[in-house]
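Trainee: Could we go through this model together? I would like to begin with one helix and then move on to other topics.

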Amino acid sequence: MKKSWINKYDILILIAALGIAVFVYAVFAVNNADQAAFVRISQNGNMAYFSLFENVRYEVYDNGHVNIIIIENGMVRMYEANCPSGVCARHRGIGRAGEIIVCLPHRVVVEVIGGAIREIDAVTR
Amino acid sequence: MFLDQARKVAYLGILTALALALAWVERFIPLALPVPGVKLGLANIVTLLSLYLLGTKVGFWVMLSRVLIAGALFSGISGIIYGLSGGFFAYAVMIALKSTKKPTIIGVSVAGAVAHNIGQIMIAAVIVENIEMFRFLPILTITGAAAGMLTGFAAALVYKRLISVRFFQSG
Ligand SMILES: [Zn+2]
């Protein structure tokens, strides 16, 4: 008799993994029903905010680490980065609330966030 | 199975070298997803084999040596930090599940790969000081499960061969 490769506990583990993925996805989806409005660029706890609808080129320099972020036509993208893997610069442009591009080695996070102008004022003030 | 100390050290060296070779090969396999942390985790095949053939302790040392050396060779201090956080978490989950004797090596591999990615997200969230890193959890959980099935299947294949030729028996 040939024993099968996987058993029901393997299937349960797969279902649990899928469940975790769906649950976390749903949590973020619910929290990001807002209309996209702003771009938040952060590094080491420092943050900069921009409107998603202005055209901006923003450069982050930190100990030889360079990240160039471009906001254009309601989209933001990592235009250039000198991190080893270059994963962040290959990421497509983002423009919906809750989307995020991360340059892990440089600890740079680019997020599209929703909300009204005065909320942002409250944060930056 | 009983192994004397010298044999254990020899196997530890062989398996660590094998894991390093796989970690090196993996660098040349391009993955299309632009998400930090997505990877095949081929070296996990060796961690699983070490765990199943030589036990919890040897498996742990193989994993730890591979993470430290691969980090030093290929990715630097940040690679070591991410590798260790993922590695410890994955290993803890794998020995816990293996000890229940319920899932096969494939289920254990899937759980380990998913735990590895979740461990890395947790440390990444701390390092970039941004809870939003957990946005990557769904995609990293699914890619982790897929990669875990692949490496688990490979490990199961090799395990069955090695057991049938009694390769790791002392004597
Ligand atoms: Zn980068």
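Mentor: Certainly. Please note that this is a predicted model. The buried residues of α1(A) pack against three helices of chain B, namely α3 (56-99), α4 (105-127) and α5 (137-164).

Trainee: Which residues of α1(A) are buried?

Mentor: They are A:D10, A:I13, A:A17, A:A21, A:V24 and A:F28. An α-helix has 3.6 residues a turn, so residues three or four places apart point the same way.

Trainee: Does the length hold up; what span should helix α1 of chain A have?

Mentor: Helix α1 of chain A covers residues 8-31, which is 24 residues, so at 1.5 Å a residue a span of 34 Å is expected. The end C-alpha atoms are 35 Å apart, in agreement with that expectation.

Trainee: And which residue caps the N-terminal end of α1(A)?

Mentor: The cap is A:N7, with a side-chain oxygen 2.9 Å from the backbone nitrogen of A:Y9.

Trainee: Back to the two chains. How many residues does each chain bring to the contact?

Mentor: Chain B contributes 35 residues and chain A contributes 28 residues. The area buried between them is about 2800 Å², and carbon and sulfur atoms give 75% of that area.

Trainee: How many salt bridges and polar contacts are there across it?

Mentor: The rule finds zero salt bridges across the interface of chain B and chain A. Five residue pairs are in polar contact between the two chains, counting pairs with both residues at pLDDT 80 or more.

Trainee: Which helix gives the largest share of the side of chain B that touches chain A?

Mentor: That is α5(B), with 10 residues. On that side of chain B, α3, α4 and α5 each supply at least two residues.

Trainee: What about α1(B); which residues are buried there, and what do they pack against?

Mentor: In α1(B) the buried residues are B:Y11, B:L15, B:T16, B:A19, B:L20, B:A23 and B:E26. They pack against α2 (43-54) and α3 of chain B. As to length, helix α1 of chain B has 22 residues (residues 5-26) and should therefore span 32 Å at 1.5 Å a residue; the end C-alpha atoms are 31 Å apart, which agrees.

Trainee: Changing topic: which residues coordinate the zinc ion?

Mentor: The zinc ion is coordinated by the SG atoms of A:C83, A:C88 and A:C103, at 2.1 to 2.2 Å. The spacing of these donor residues in sequence is C-x4-C-x14-C.

Trainee: Are A:C83 and A:C88 buried or exposed?

Mentor: Both A:C83 and A:C88 are buried.

Notes:
Residues numbered from 1 in each chain as written. Chains lettered and ligands numbered in written order. Predicted model: local features only at pLDDT ≥ 70, side-chain atom pairs only at ≥ 80, totals over all residues. Heavy atoms only, no water. Helix = DSSP H or I, 4+ residues; strand = E, 2+ residues; numbered from the N terminus. Expected span 1.5 Å × (residues − 1). Buried < 20%, exposed > 50% of the residue type's maximum accessible area, 1.4 Å probe, protein only. Contact = heavy atoms within 4.5 Å. Polar contact = N/O pair within 3.5 Å; in protein donor to acceptor, adjacent residues only side chain to side chain. Donors = N, O, S within 2.8 Å, 3.2 Å for Na, K, Ca; no water. Buried area = accessible area lost by both parts, 1.4 Å probe. Salt bridge = Lys/Arg side-chain N within 4 Å of Asp/Glu carboxyl O.
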